Amino acid sequence: MSWQDLSSAPAIGTVLCRRDAVKGALPYSVETEKGTFPIILVETDAGIAAYVNACPHQYLPLNYRRPNILSADGRKLICSGHGALFDIETGEGLSGDGLGCTLDQVPVSLDPDGMIRIG
């Protein structure tokens with residue numbers, strides 16, 4: 001399933017937040033006319049990556065049980081529900097119930113004025 005298949009998916013160009021608001025991993029909710037869209041913004045070596053905030057194993061938010069979802073080395077996202085690990089660069093499952101699964105990536109871009117947008 002693609003992020004755009006979710007009923008609350010925001011339109012391309014929707015402003016999310018300022019770049020400087022993202023430190024490590026930021027679980028974030030985007031309010032649209034269709035409802036609330038759960039997203040995770042994460043700092044990577046390549047810039048900002050974004051994923052739907054739903055573990056592909058049980059579809060619970062990664063921060064369901066605790067707010068810190070970034071590993072100590074800053075290279076993996078952790079599902080707080082069952083401990084599955086996902087690569088921050090690709091969303092690929094690395095261990096546990098995440099193996100064979102991938103987080104749904106959401107394309108984002110950075111405006112010259114420092115705003116992160118969908119698309």
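This passage walks through salt bridges in a predicted model, with attention to where the partners sit and how exposed they are.

A search of the whole structure turns up six salt bridges. A good place to start is the pair formed by Asp20 and Arg18, whose closest N and O atoms are 3.8 Å apart. Both partners can be found with some of their surface accessible: Asp20 is partly exposed, at a relative accessible area of 48%, and Arg18 is partly exposed as well, at 40%.

Attention now turns to Arg75. The side chain of Arg75 meets that of Asp45 in a salt bridge, with an N to O distance of 3.6 Å. Asp45 belongs to the loop between β3 (35–44) and β4 (47–52), while Arg75 belongs to the loop between β4 and β5 (76–78), so this pair ties together parts that are 30 residues apart in sequence. In terms of accessibility, Asp45 counts as exposed, at 69%, whereas Arg75 counts as partly exposed, at 31%.

Arg75 also has a salt bridge with Glu89, and here the N to O distance is 3.3 Å. Glu89 is located in the loop between β6 (85–87) and β7 (93–95); because Arg75 lies in the loop between β4 and β5, the contact ties together parts that are 14 residues apart in sequence. Glu89 is partly exposed, with a relative accessible area of 27%. Through shared partners, the salt bridges join Asp45, Arg75 and Glu89 into one network.

Notes
Residues are numbered from 1 along each chain as its sequence is written. This is a predicted model: local features need pLDDT of at least 70, side-chain atom pairs count only at pLDDT 80 or more; totals for chains, interfaces and linings use all residues. Side-chain values use heavy atoms; hydrogens and water are left out. A salt bridge is a side-chain nitrogen of Lys or Arg within 4 Å of a carboxyl oxygen of Asp or Glu. Buried means under 20% relative accessible area, exposed over 50%, partly exposed in between (1.4 Å probe, protein chains only). Helices (H or I, at least four residues) and strands (E, at least two) are DSSP runs, numbered from the N terminus.
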